Amino acid sequence: MLREILTDGGVNLSASYPISVQVINQGPGIWGNVATGLITAGAAIVAVMLTHKFTLKREKSASEDKQKRERDFIATALVFLLEQFAESCASVARDNGFEHEHAIAPSYPLPELDYVAVTGDWRTLPVRLMYQLRELPVLKSESDRTIDAADFIGPEYDEFFEVRQYEYTRLGLKAVILARRLRKLTGFPDSRLNATPWSAQRVLWEEWRRERKRRSLQAMLHARALAAFEIKNDMRKKAADDASDSGENV
């Protein structure tokens with residue numbers, strides 16, 4: 001009855017209710033719509049995030065595959081270049097020369113080491129390994145200068161050939177070690193440089209041990225000679241001082 005009176009009196013009952021009362025009167029339907037909207041938005045955000053994650057993972061995998069292929073490519077060229085250099089170094093390490101025009105000449109020339117023909121991205125290699133590879137030609141230049149400074153005096157030319165053998169034994173072993181590290185890095189098979197007693201690696205290690213032993217003995221003899229010289233020098237000084245003291249007393 002009251003509703004009819006209010007309505008007849010021109011009062012809009014629904015308009016007179018507060019908004020909160022209207023929402024409550026509408027029941028749980030509006031909250032269901034809100035929840036549905038939130039779930040839909042959340043699902044869309046999650047889908048975008050997962051898509052982005054999978055895209056990054058796929059791109060990272062593709063980048064790693066490309067880097068591995070480039071690393072394998074440059075490592076292949078470097079391994080065989082270094083091992084060929086080591087083979088030539090082994091020949092120099094056992095080169096005692098041959099007689100030529102009343103002198104002793106080397107039987108094998110000094111090997112060259114040049115990376116110009118090596119193509120590929122050096123940046124795919126570990127920094128330390130890349131540094132050691134780039135350092136090797138510099139060490140070779142230093143060794144060549146040391147050999148040039150050695151005395152080339154007959155009839156045996158011992159000092160010249162000893163320096164020559166030692167320097168290229170050292171360089172050859174460095175090349176072998178670097179090639180081995182490249183093989184390990186890329187998963188390549190082991191080298192054949194140590195397969196036989198006359199293989200380059202075994203020859204180089206044998207010459208290295210022999211030369212180190214010779215140099216150790218030479219250093220010991222030099223130290224003894226120097227000590228004997230100092231003792232004799234001290235004795236001479238003492239004798240001179242005694243003679244001077246005797247003259248003053250007279």
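1. Quick definition before anything else: helices (H or I, at least four residues) and strands (E, at least two) are DSSP runs, numbered from the N terminus. With that in hand, helix α6 (residues 158-186) gives the largest share of the lining of the largest pocket, five residues.

2. A word on what you're looking at. This is a predicted model, where local features need pLDDT of at least 70, side-chain atom pairs count only at pLDDT 80 or more, and totals for chains, interfaces and linings use all residues. Residues are numbered from 1 along each chain as its sequence is written, and side-chain values use heavy atoms, with hydrogens and water left out.

3. The overall layout: seven helices and two strands, in the order α-α-α-α-β-β-α-α-α from the N terminus on. Of the 250 residues, 26% are buried (under 20% relative accessible area, with exposed meaning over 50% and partly exposed in between; 1.4 Å probe, protein chains only).

4. Back to that pocket. On a 1 Å grid over the protein atoms alone, a pocket is an open set of points where a 1.4 Å probe fits, with protein on both sides within 12 Å along at least five of seven lines, and lining residues have an atom within 4 Å of a point. The largest one holds about 170 Å³ of space, the volume being the space filled by probe spheres set on the points. Its lining includes E83, R180, R183, F188 and Q201. By class, the lining has four nonpolar, three polar and five charged residues (Ala, Val, Leu, Ile, Met, Phe, Trp, Tyr, Cys and Pro count as nonpolar, Asp, Glu, Lys and Arg as charged, and the others, Gly among them, as polar).

5. Two of those lining residues, E83 and R183, also pair up: their side chains meet in a salt bridge at 3.0 Å, N to O (a side-chain nitrogen of Lys or Arg within 4 Å of a carboxyl oxygen of Asp or Glu). R183 lies in helix α6 and E83 in helix α4 (residues 29-93), so the pair ties together parts that are 100 residues apart in sequence. Both partners are tucked away: R183 is buried at 12% relative accessible area, and E83 is buried at 10%.

6. The whole structure has nine salt bridges, and another one to check is R94 with E207, whose closest N and O atoms are 3.1 Å apart. This pair links distant parts of the chain, with R94 in the loop between α4 and β1 (98-99) and E207 in helix α7, 113 residues apart. Here the partners differ in exposure: R94 is partly exposed at 40% relative accessibility, whereas E207 is buried at 8%. R94 and E207 also belong to a network of salt bridges with E206 and R210.

7. For a local pair, try K140 and D144, joined by a salt bridge at 2.9 Å, N to O. Both lie in helix α5 (residues 127-149), four residues apart, about one turn of the helix, and both are buried.

8. One more contact across the sequence: S199 sits in the loop between α6 and α7 and counts as buried at 9% relative accessibility. Its C-alpha is 8.1 Å from that of E87, although the two are 112 residues apart in sequence.

9. Last, the surface. L217, M220 and L221 form a nonpolar patch with about 270 Å² of accessible area together. Patch members have over 30% relative accessible area and no salt bridge; like charges are joined within 9 Å, and nonpolar side chains (Val, Leu, Ile, Met, Phe, Trp, Tyr) within 5 Å. The areas come from the Shrake-Rupley method with a 1.4 Å probe. L217 is in helix α7 (residues 200-249) and is partly exposed, at 45%.
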